[in-house]
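Colleague: I am new to this structure and would be grateful for a close look at a single part of it. Please choose a starting point, describe its surroundings, and explain each term as you use it.

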Amino acid sequence: MKLGDLEFWLITDGTFRLDGGAMFGVIPKPMWERVSPPDNRNRILMAMNSLLIRAAAKWILIETGAGDKWDAKRTDIYAFDGPPRLLDKLIVHGASPEKIDIVINTHLHFDHCGWNTRFVNGEAVPTFSNARYIVQRAELEHAKDPSDRDRASYFPENFMPMERSRQWSLLEGDAEVIPGVELIRVPGHNADMMCVRLTGGGKTVFFTADLIPTAAHLPFPWIMGYDLYPLTTLENKKKWIERAAGEGWLLIFGHETKTPCGTLREQKGKYVLEPVLLDA
Ligand SMILES: [Zn+2]
């Protein structure tokens with residue numbers, strides 16, 4: 001899809017599964033299982049959506065999925081699907097790991113930064129050797145010293161190698177990385193997650209990351225049990241959903257499999273998704 005001079009593609013690192021109860025927080029199962037049917041281990045299917053952007057003669061990759069540094073036990077727990085995965089999909093669009101100039105991680109949970117690194121001779125090294133990697137400084141600090149509640153979401157091999165290679169470019173608050181690519185700190189899921197807003201050609205695209213992980217999470221109280229600050233998520237969902245609906249933005253959800261993009265229409269105080277198909 002084109003936004004003026006900026007071009008982007010929605011690509012995925014495939015799918016994985018997480019516990020449906022944890023994904024829908026206080027929402028009772030009879031309600032969420034209708035929209036997001038669980039498997040026999042109560043897990044729901046989720047995509048790991050990334051955006052590949054070509055703008056200002058640069059290649060930018062937002063989110064790097066779960067990567068391939070997984071043992072058999074965790075592959076079974078999370079049900080990662082097989083190839084093609086993220087790196088194969090870069091190549092389809094004329095990019096490659098070496099060509100990527102900027103990698104953006106909305107936050108450092110394993111399903112957002114897995115391909116940041118890969119194993120070479122048993123050692124995790126940066127996959128995108130020529131890129132600068134961007135995250136909030138406070139998120140990197142937190143990832144190194146998480147709480148007992150969210151420790152399972154952080155794997156040091158996804159973020160420590162770029163400290164050694166000095167590839168981190170750390171933000172303190174919002175930033176426009178290049179014209180038309182804005183990173184916005186949106187706390188709730190954790191303290192320093194970011195959403196991404198793309199603008200160009202009179203259009204606006206808003207990548208929700210884990211603020212609204214799937215289309216099923218559009219109703220305000222449908223908030224993940226994983227969120228560290230659910231009331232902040234609630235506030236931020238209201239703020240950004242109302243704005244996106246009012247201004248006709250295209251939303252792209254971080255983990256939606258079936259209808260990852262769409263615009264919002266207000267209907268009796270609720271927001272309904274009108275799915276939009278992007279060109280492959
Ligand atoms: Zn996530």
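Modeller: Let us begin at Arg 197, which counts as buried because its relative accessibility is 12%, buried being under 20% relative accessible area, exposed over 50% and partly exposed in between, for a 1.4 Å probe and protein chains only. The model is a predicted one, in which local features need pLDDT of at least 70 and side-chain atom pairs count only at pLDDT 80 or more, while totals for chains, interfaces and linings use all residues. Residues are numbered from 1 along each chain as its sequence is written, and side-chain values use heavy atoms, with hydrogens and water left out.

Arg 197 belongs to strand E12, residues 194–200; strands (E, at least two residues) and helices (H or I, at least four) are DSSP runs numbered from the N terminus. The side chain of Arg 197 meets that of Glu 182 in a polar contact of 2.8 Å, that is, a pair of N or O atoms within 3.5 Å, one able to donate a hydrogen and the other to accept it, where residues adjacent in sequence count only if both atoms are side-chain atoms. Leaving aside residues up to four places away in sequence, Arg 197 also touches others, including Val 181, Ile 184, Thr 204, Val 205, Phe 206, Trp 240 and Trp 249; contact here means heavy atoms within 4.5 Å.

From there we may turn to the zinc ion. Which residues coordinate the zinc ion? They are Asp 111 (OD), His 112 (NE2), Asp 210 (OD) and His 255 (NE2), at 2.0 to 2.4 Å. Donors are N, O and S atoms within 2.8 Å of the metal (3.2 Å for Na, K and Ca), and sites may look incomplete because water is not among the atoms. The donor residues follow the spacing D-H-x97-D-x44-H in sequence. Asp 210 and His 255 bring distant parts of the chain together, being 45 residues apart. Asp 210 sits in the loop between strand E13 (203–207) and helix H8 (230–247), and His 255 in the loop between strand E14 (250–252) and strand E15 (261–267). Both of these residues are buried.

The angles among the four donor atoms run from 84 to 156 degrees, and the site is irregular. Four donors would be tetrahedral if all angles lay between 85 and 135 degrees; four would be square planar, and six octahedral, if opposite donors were over 155 degrees apart and all others between 65 and 115; anything else is irregular.

The loop between E13 and H8 also holds Ala 209. Its phi is near 50 degrees, a positive value in a residue other than glycine. Most residues other than glycine have a negative phi. Ala 209 counts as buried because its relative accessibility is 0%.

Ala 56 offers a contrast. Although it is not a glycine, Ala 56 has a positive phi of about 50 degrees. Ala 56 lies in the loop between E3 and strand E4 (58–62), and it is exposed because its relative accessible area is 56%.

One further backbone feature is the cis peptide bond that joins Pro 83 and Pro 84, with omega about 0 degrees. Pro 84 is in the loop between helix H3 (72–78) and helix H4 (86–92).

Finally, consider Trp 9, in strand E2 (residues 6–19). With 13% relative accessibility, Trp 9 counts as buried. Although 270 residues separate Trp 9 from Asp 279 in sequence, the two are 7.9 Å apart in space, C-alpha to C-alpha.
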